[in-house]
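Visitor: I am new to this structure. Please pick one part, take a close look at it, and then work outwards from there.

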Amino acid sequence: MLRLSTGVPKLDELVAGGIPEGFLVALVGMPGTGKTVACIHFIWAGLKNGESCIYVTTEESRESIVNQARQFKMDFLSPMKEGKLIVIDALMREKEDEWSLRDVNVEEMLDKVIAAKKTLGRGCKRLVVDSMSAFWLKAPVRAREQSYTVKRVLNRWGFTIYATSQYAITTGSAFGWGVEHVADGIIHFRRTITNGVLRRYLIVEKMRQTPHDLRAWELEILDGQGLVLRKPLVRRMEDEALPPEVMERIRRLATKES
Ligand SMILES: Nc1ncnc2c1ncn2[C@@H]1O[C@H](COP(=O)(O)OP(=O)(O)OP(=O)(O)O)[C@@H](O)[C@H]1O
Ligand SMILES: [Mg+2]
């Protein structure tokens, strides 16, 4: 099976060498957890490999993505000028801009992606849609059906896809049905505050046809470098989720029993 590098060395190891070609992988999680940064790595890995790539950005401008990449020493501007990278901007909606969406809907996005693929040619394998959530702001009930459409249509064009999906800050989970059930893989980005410090980690929750790692991995986002995986979390998920007073009661009961 052909696998594509994620552009993050340790992450490749967690998924048996990379993302299987043709897969749609959902990158899910709360704001600021590293989804967009991971997308930038995925595109950079393709560009370095001589592939051409497409990046659809719905909540940040094209400029913002280019600037973010530059901070990690990844030059997106040159491949854009050389016709190796197309960033489809769904935020700014510039009328004069060929690669801008007029309206944020799935149909228009698919049309633009296919037009971009025709422009870039056969060497174009990687597509990022960051994020899918933007398409369902007005109609969350359409999320699952449209995820199928996206997968079915784009699969025919030979893409390996990263699609991000945002989780609510209130619940830490998805807004109803999303891309997760349709996706061949799910990488969940999480965050926690430990000892007063924000820590981020990721866990590969699903990767079809892959003996993948099941642990949560601490990650860091570093200036000049990007996303780096550090080590598996030693604390259990339950430790992170339960309030301290509940943990204290459990501890007291456990000491009493022993
Ligand atoms: N140059 C940098 N150096 C260090 N950390 C950075 C740098 N640039 C961005 N970050 C970190 O990355 C975070 C943004 O991560 P990212 O954009 O991937 O989040 P996200 O999961 O896509 O969030 P959202 O759902 O809001 O789009 C910033 O909040 C910051 O903590
Ligand atoms: Mg983002």
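Guide: Strand E7 shows two faces. Thr-160, Tyr-162, Thr-164 and Gln-166 point one way from E7. Ile-161, Ala-163 and Ser-165 point the other way. Residues on both faces are buried. The model is a predicted one. Seven of the seven residues of E7 are buried, so this strand is largely enclosed by the rest of the structure.

What lies beside E7? Start with strand E3, residues 24-29. E3 and E7 run parallel and are joined by six bridges. Two of the partners can be named. Leu-27 has Thr-164 as its bridge partner in E7. Val-28 has Ser-165. Recall the two faces: Thr-164 points one way from E7, and Ser-165 the other.

Now turn to strand E6. E6 and E7 also pair in the parallel sense, over four bridges. Here the partner of Val-128 in E7 is Tyr-162.

Strands of a sheet pair through backbone hydrogen bonds, either parallel or antiparallel.

Step back to the whole sheet. Nine strands form it, and it is open. The order is E5-E4-E6-E7-E3-E8-E9-E10-E11. The pairing is mixed. At the edges are strand E5 (85-89) and strand E11 (226-232), each of which pairs on one side only. Neighbouring strands are turned by 20° against each other on average, direction ignored.

Helix H2, residues 35-48, packs on this sheet. H2 touches many strands, among them E3, E6 and E7. Its direction makes about 165° with that of E6.

Follow the order past E3. E3 and E8 pair in the parallel sense over five bridges. Ala-26 stands opposite Ile-186 in E8. Next comes an antiparallel pair: E8 and strand E9 (residues 197-207), with 10 bridges. In that pair, His-188 stands opposite Ile-203 in E9. E8 and E9 form a hairpin, with two residues between them. Asn-195, in the turn, has a positive phi of about 50°.

H2 also takes part in the surroundings of ligand 1. There are 15 residues around ligand 1. Pro-31, Lys-35, Thr-36, Val-37 and Asp-223 come nearest. H2 gives the most to this shell, with three residues. H2 and E10 each supply at least two. By type, the shell divides into five nonpolar, seven polar and three charged residues.

Another helix, H3, covers residues 62-71. Its buried residues are Arg-62, Ile-65, Val-66 and Ala-69. They cover an arc of only 100° around the axis, which puts them on the same side of H3. An α-helix has 3.6 residues a turn, so residues three or four places apart point the same way. What do the buried residues of H3 pack against? They pack against H2, E4, helix H4 (77-81) and E5.

Some backbone details stand out. Most residues other than glycine have a negative phi, and most peptide bonds are trans. Lys-73 is not a glycine, yet has a positive phi of about 65°. This residue comes just after H3, in the loop between H3 and H4. Is Lys-73 buried or exposed? With 11 C-beta neighbours inside 10 Å, Lys-73 counts as exposed.

Arg-93 is another such case. Its phi is near 50°, a positive value in a residue other than glycine. Arg-93 lies in the loop between E5 and helix H5 (106-120). Arg-93 is exposed, with 12 other C-beta atoms within 10 Å.

There is also a cis peptide bond. It runs from Asp-130 to Ser-131, with omega near 5°. Ser-131 lies in the loop between E6 and helix H6 (143-155).

H6 holds Glu-145. Glu-145 counts as exposed, with 11 C-beta neighbours inside 10 Å. Glu-145 and Leu-85 are 60 residues apart in sequence. In space they are 29 Å apart, C-alpha to C-alpha.

Come back to E7 to finish. E7 sits between E6 and E3 in the sheet order. Four bridges link E7 to E6, and six link E7 to E3. Seven of its seven residues are buried.

Methods
Residues numbered from 1 in each chain as written. Chains lettered and ligands numbered in written order. Predicted model: local features only at pLDDT ≥ 70, side-chain atom pairs only at ≥ 80, totals over all residues. Pairing = 2+ DSSP bridges. Axes fitted to C-alpha atoms, helices over the stretch in contact; angles between N-to-C directions. Contact = placed C-beta atoms within 7 Å. Buried ≥ 20, exposed ≤ 12 C-beta atoms within 10 Å, placed from the backbone. Arc of directions from axis to C-beta. Near = placed C-beta within 6 Å. Nonpolar A, V, L, I, M, F, W, Y, C, P; charged D, E, K, R; others polar.
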